[in-house]
Amino acid sequence: MEYLIFTMLSSILVITIVILILKGRKNRILANRIPGPNGWFLVGMLPLFLQGPEKLIKNILREYRIYEKHIVKFWLFNNLYIVLTRHQDIELVLGNPKFLRKSKDYMVLQESIMGQGIFSIDDIEKWKNNRKMVMKGFNFTPTKSFIPIFYQEANVLAEILQEKCVLKSNECNISGPVSMATMEMIGKTALGVTFNAQTGGCNQFVEHLQTAMHAWEYRVTHPWYLNNTLFRFSSVKREHDRSQKIINKLTDEIIKQKIIELSQNINNSEKKIESDNEECCQKSKTVLEILLGSSHKMDHEQIRDEIVTVMIGGQETTAMAITCTIFMLAHHQDVQNKVFEELQSIFVNGDRNVPPTYKDFQQMKYVEMVIKETLRLFPPLPFLGRRLDEDMKIGEYMCPAGAALIICPIFVQSSPLYYTDSEKFNPDNFLPDACGSRHSYAYIPFGAGLRNCIGIKYAMLQIKTVISTLVRKIKFSPSERCPTPEDLRLMFLMTLKLVDGCYIKMEPRT
C-alpha cells in the first residue's frame, strides 16, 4: 500500500514539474532581470526555508540586507516572490486598490480556521461589506468603553504575575499569563463572553491555535503541500484538522450562546419600562452582536470565520506586543524608570490603584513611544503578501503577473536606511521630530493602506492599559534564562512568535 502511495505521489510530482517548466517560461524571463539570490526556479531559496521557523527569519534577513536598496526576487519551488524594500514601492502597493487581494500563500488560512474572514478573504466586495460591519465594533466609542475591562483584567494579570514571581524566585515566563489575559479581554469586549481564561477556566482555543499556526507555516515553507492532494497525506494535515474541528466547535458554542442570550434580552425588553430601554440602547454592541443582527444576513460559517479572525487578531498579536514591551522594559532600566516617572506624574500621589481614564492615556506620551518602539522591532505580522494580477513595472523592473509581492515590516522597520542604530531599542525614534522626518511607510506594524488592521486603536489602548497598570505595581528586570535581548528566540508562524517563552524577573514596587 505504501509503495502504491509513493508511486502515485512521485508521478504527480513529475507531471507537475513538467507542466511548471512549460508554463512558467515568460515569468522566468522577466524574473531573471530582477536582482536576487541565485537558484533554479524549482529550488530557489527552498533549502533556507526547510531549516525551520526559527532560522527562517534569520535566513531571509541575511538575504534581504544584501538587496534592500532594490526590489528583490526569489523562487520558492515554482512560486515567484518579489520583495519590496523601498518605502515608495511599499506605499505604491499597500495604497493601491489594484492590490487588495492577498497573495496565494493566504490560502492556507482560507482552508483553515480563518476561512473567509476579513484577513484572508479573496472576494473583495464581500470583504468590503464584512469589514464595515466588523469595524463598527472597534470604532472610537466602543473601544473607549472597553477601558474598565482592560483595567480589570490587567489587575488580575498583575496579581498572577506577583504570585508566580514568589513561587519562582522572582523569575517568570510571562508569555503564558499575558496570552490568557488578552484572551479574556477579547472575549469580554468583542464577543461579550467570559472565558475565565486567567483564573483556570478551560480555554482550548489558544492551544489548538498554535497547532493550526504550525500547519500554516509548514505548508508555506514546504510549498508542495500547498497542493491539497499532497497535503492530504501529511501527518501535519491530520493534526491540523483535529485542532480545526475543536476550534470550530468552540466558536459554534460561543455563537449559539450569544443567540440564546440575545433572544432572552428581546423577550425581557418587552417588560422593561421606557427609561430602562433608553439606557440599554446606549450600550455599544459587540462585534458578535453586530454580525448576528446585521441586515446583510451572514450564514453561520461566515460569522464563525469573522469571529475566529477577530479572536486571533485581538488575542495573538496584542499578547506578543505586551510580552515584548515588558521584556524590553526589563532590559532597559532607564526606559522603565522614565515610564514609571511619567505614570507617577499622571496619577495623583502616585496611587497605584486609581483606574485610568481615557484622558490619562492621552497624557502617556512616553509610554506610547515605548510601545511603538517595541512594535518596530517586534511587529506582530513580520511579512505581508499581495497578489500581482497583471504585469506591472515597479521601480526599475517589470514584474510578471502571478508573482507574490512581499513586504517585510520586521526588516523595513529595523533597516539602517530608515533608522539610526536600527537594531538598538530607542523610544526616541518616536519623538515628533523623528517621526516627521521619516517616511510613514517605514513604520507599518499593523500594515497600512486600504487593507490595514482595523484594530489599531483597540490594540494601542489595550497595550497602554496593561503596561501602565503593571509598571505601577511591578518592577521588571532581566532573568538569568534570558540575560540579553539577543537571547529572546523568535520564530515565524505566519505571525511573530516566541520559541520558548519570555523569562524575566519581577519584584513588587513598595
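Q: Hi! What does the accessible surface of the protein chain come to?
A: Hi there! This is a predicted model, and the accessible surface of its protein chain comes to about 23,400 Å². Carbon and sulfur atoms account for 54% of that surface.

Q: How many helices and strands are there in the protein chain?
A: The protein chain has 22 helices and 11 strands.

Q: And what share of the residues count as buried?
A: Of the 510 residues in the protein chain, 55% count as buried.

Q: Let's talk sheets. In what order do the strands of the open sheet come?
A: The order is 1-2-7-4, so to speak from one side to the other, and the pairing is mixed. Strand 1 (72–76) and strand 4 (384–387) are the edge strands, and each pairs on one side only. Neighbouring strands in this sheet are turned by 30° against each other on average, direction ignored.

Q: What holds paired strands together, by the way?
A: Strands of a sheet pair through backbone hydrogen bonds, and they can be parallel or antiparallel.

Q: OK, how do strand 1 and strand 2 pair?
A: They pair in the antiparallel sense over five bridges. One example is Phe74, whose bridge partner in strand 2 is Tyr81. The two strands form a hairpin with two residues between them, and Phe77 in that turn has a positive phi of about 60°.

Q: Is strand 1 largely enclosed or open? Why?
A: Strand 1 is largely enclosed by the rest of the structure, because five of its five residues are buried. Both of its faces are covered: Val72, Phe74 and Leu76 are buried on one side, and Lys73 and Trp75 are buried on the other.

Q: What about the other edge, where strand 4 joins strand 7?
A: Strand 4 and strand 7 (residues 404–407) run antiparallel and are joined by four bridges. In one of these pairings, Arg387 has Ala404 in strand 7 as its bridge partner.

Q: Which helix packs on the sheet?
A: Helix 5 (residues 87–94) does, touching strand 2 (79–84), strand 4 and strand 7. The direction of helix 5 makes about 125° with that of strand 7.

Q: Switching to rings: how many aromatic pairs are there?
A: The count comes to 16 aromatic pairs. One of them is Phe150 with Tyr458, an edge-to-face pair at 5.2 Å centre to centre with 85° between the planes.

Q: Where do Phe150 and Tyr458 sit in the chain?
A: Phe150 is in helix 9 (residues 147–167) and Tyr458 is in helix 22 (residues 456–473). They are 308 residues apart, and the pair links distant parts of the chain.

Q: Are those two buried or exposed? Why?
A: Buried means under 20% relative accessible area. Phe150 has 0%, so it is buried, and Tyr458 also counts as buried because its value is 2%.

Q: What kind of pair do Phe383 and Phe492 make?
A: Their ring centres are 5.1 Å apart and their planes are at 80°, so the pair is edge-to-face. Phe383 lies in the loop between helix 19 (365–377) and strand 4, while Phe492 is in strand 9 (residues 490–493), so the pair ties together parts 109 residues apart in sequence.

Q: Which residues do ring pairs link into a cluster?
A: Phe77, Tyr218, Trp224, Tyr225 and Phe231. Phe77 belongs to the hairpin turn we talked about.

Q: Last one: which ring does the charged end of Arg481 sit over?
A: That would be the ring of Tyr503, at 3.9 Å from its centre. Likewise, the charged end of Arg509 sits over the ring of Phe340, 4.0 Å from its centre.

Methods:
Residues numbered from 1 in each chain as written. Predicted model: local features only at pLDDT ≥ 70, side-chain atom pairs only at ≥ 80, totals over all residues. Heavy atoms only, no water. Pairing = 2+ DSSP bridges. Axes fitted to C-alpha atoms, helices over the stretch in contact; angles between N-to-C directions. Contact = heavy atoms within 4.5 Å. Phe/Tyr/Trp six-rings, centres within 6.5 Å; stacked < 30°, edge-to-face > 60°. Buried < 20%, exposed > 50% of the residue type's maximum accessible area, 1.4 Å probe, protein only. Lys NZ or Arg CZ within 6 Å of the ring centre and 35° of its normal. Areas by Shrake-Rupley, 256 points an atom, 1.4 Å probe, with all protein chains shown as cover.
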